[in-house]
Amino acid sequence: MRLPFRPLVWLWGLALWGLTAGAASAQPPARPGRPAGKLAPAAPDPALARLLAQARKLQADYHESQALGLYEQALAKAPATYEALWSAAVLSVRIGNRYTDETRKAAYFSAARLYANRALVVKPNGAEGHYAQALTLATQAPLLPLRGRLLAYREMRPHVYRATELRPEWAEAWQLLGRWHYRVDHYSLVERLYSRLFLGGVPVGGSTLLAIEALRTAHQLDSTRIEYAYDLARVHLNRSQQSRATDVLQAAVELPPVTADELVISRRCRLMLEQLNRRQRRQVQRHLKKL
């Protein structure tokens, strides 16, 4: 898979747009006594609408690189297009995650961070923008040194909470919240000590029980997504809730994988289920021998 130069180009383009947007916002206000003229709403651009519609369809059909290209074309025409900004952030994360080379990952993740930042500037109370920002922080964190990683998880907290508050029916936001709870609750000893000594403590709210609740909500909202079931089963196993994990995995392995990523997760679910079944059979056999 060849890495295009697109992330680096858009890093420069978005930074330049941020400078020009800042300059525009710094213009002096209208003089007193001279009421500013009302700006007529901009007429919808048919070409932009077509680009967004095509990008949505490609994204729904899992043609993510092509969809990202169209969202970028939309941003070239209208840099403040909210849908294109947050969607480009999410797609950049997904595409970047498929690379093993950290330099390529970092290029996509940096582009995603800028897209998400601009989405929140355009629409500060947009659930999608907050989700994109939280997702970008979560994926950048493992590539960062200790301090940067812990700061990323701290910064992620309000965004992932806000996304679920603004769109409580959005399963992806609940999954991300569940992952955040689980990750913070499983800080290493070094991470906990550093947080207490230099960052004012561990982020408030990290809890495996809350992770289960959030992941169960995601799974209930969309039971066709195997990744939700996989995450939920893993957390159940962490709590030694084997029967609950088995129930979730049995339903998960019945889901037909659509993408290569889902195929990998489906195989992991089958392996986990087989291991659980073997463990339960051994437990039954040991119990029978005691009788």
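**Exercise 1. Describe how α10 and α11 pack, starting from the handedness of their crossing.**

Solution. Begin with the crossing: where α10 passes α11, the handedness is left-handed. This comes from a predicted model, so please read every value below in that light.

Next, take the geometry. Two packed helices are described by the angle between their axes and the distance between the axes. For helix α10 (residues 208-221) and helix α11 (residues 226-238), the angle is about 155 degrees and the axes are 9 Å apart. Angles over 145 degrees count as roughly antiparallel, and α10 and α11 are therefore roughly antiparallel to each other.

Now list who meets whom. From α10 come T208, I212, L215, R216, A218 and H219, and they meet Y228, A229, D231, L232, V235, H236 and N238 in α11. Sorted by character, the residues of this contact comprise 7 nonpolar, 4 polar and 2 charged.

**Exercise 2. Find how α11 packs against α13, and which residues make the contact.**

Solution. Stay with α11 and turn to its other partner here, helix α13 (residues 260-290). The axes of α11 and α13 come within 10 Å and cross at roughly 35 degrees. The crossing of α11 past α13 is left-handed.

On the α11 side, the contact is made by I226, E227, Y230, A233, R234 and L237, and on the α13 side by E262, I265, S266, R268, C269, M272 and L276. The tally for this contact is 8 nonpolar, 1 polar and 4 charged residues.

**Exercise 3. Work out the relative orientation of α5 and α6, then place G129 in the picture.**

Solution. First, the angle: helix α5 (residues 102-122) and helix α6 (residues 127-140) pack at about 155 degrees, and their axes lie 8 Å apart. With the cut-off for roughly antiparallel at over 145 degrees, α5 and α6 are therefore roughly antiparallel to each other. Their crossing is left-handed.

Second, the residues: α5 contributes F109, S110, A112, R113, A116, N117, A119 and L120, while α6 contributes G129, H130, A132, Q133, T136, L137, T139 and Q140. These divide into 7 nonpolar, 8 polar and 1 charged.

Third, zoom in on G129, which sits in helix α6. Buried means under 20% relative accessible area, and G129 has 0%, so G129 is buried. Leaving aside residues up to four places away in sequence, G129 touches Y82, W86, A119 and L120. G129 also illustrates a distance between sequence-remote positions: G129 and E83 are 46 residues apart along the chain, and their C-alpha atoms are separated by 8.9 Å.

**Exercise 4. Is E72 buried or exposed, and what does its side chain contact?**

Solution. Locate the residue: E72 belongs to helix α3 (residues 64-77). Check its accessibility: the relative accessible area is 5%, so E72 is buried. Then look at the side chain, which makes a polar contact with the side chain of Y115 at 3.1 Å.

**Exercise 5. Which of the loop residues Y62, A78 and S240 count as partly exposed, and what backbone features go with them?**

Solution. Take them one by one.

- Y62 is in the loop between α2 (46-60) and α3. Its relative accessibility is 44%, so Y62 counts as partly exposed. The phi of Y62 is near 70 degrees, a positive value in a residue other than glycine.
- A78 is in the loop between α3 and α4 (82-97). At 22% relative accessibility, A78 is partly exposed. A78 and L48 are 30 residues apart in sequence, and their C-alpha atoms are 7.9 Å apart in space.
- S240 is in the loop between α11 and α12 (242-252). With a relative accessible area of 60%, S240 is exposed. S240 is not a glycine, yet has a positive phi of about 60 degrees.

So the partly exposed residues in this set are Y62 and A78.

**Exercise 6. How many helices and strands does the protein have, and what share of its residues is buried?**

Solution. Count the elements: there are 13 helices and 0 strands. Then the burial: of the 291 residues, 41% count as buried. To finish, look at contact range: among contacts with a separation of 6 or more, residues 24 or more positions apart account for 64%.

Definitions and conventions. Residues numbered from 1 in each chain as written. Predicted model: local features only at pLDDT ≥ 70, side-chain atom pairs only at ≥ 80, totals over all residues. Heavy atoms only, no water. Helix = DSSP H or I, 4+ residues; strand = E, 2+ residues; numbered from the N terminus. Buried < 20%, exposed > 50% of the residue type's maximum accessible area, 1.4 Å probe, protein only. Polar contact = N/O pair within 3.5 Å; in protein donor to acceptor, adjacent residues only side chain to side chain. Axes fitted to C-alpha atoms, helices over the stretch in contact; angles between N-to-C directions. Parallel < 35°, antiparallel > 145°, perpendicular 65-115°, else oblique. Left-handed = near helix turned anticlockwise from the far one by under 90°. Contact = heavy atoms within 4.5 Å. Nonpolar A, V, L, I, M, F, W, Y, C, P; charged D, E, K, R; others polar.
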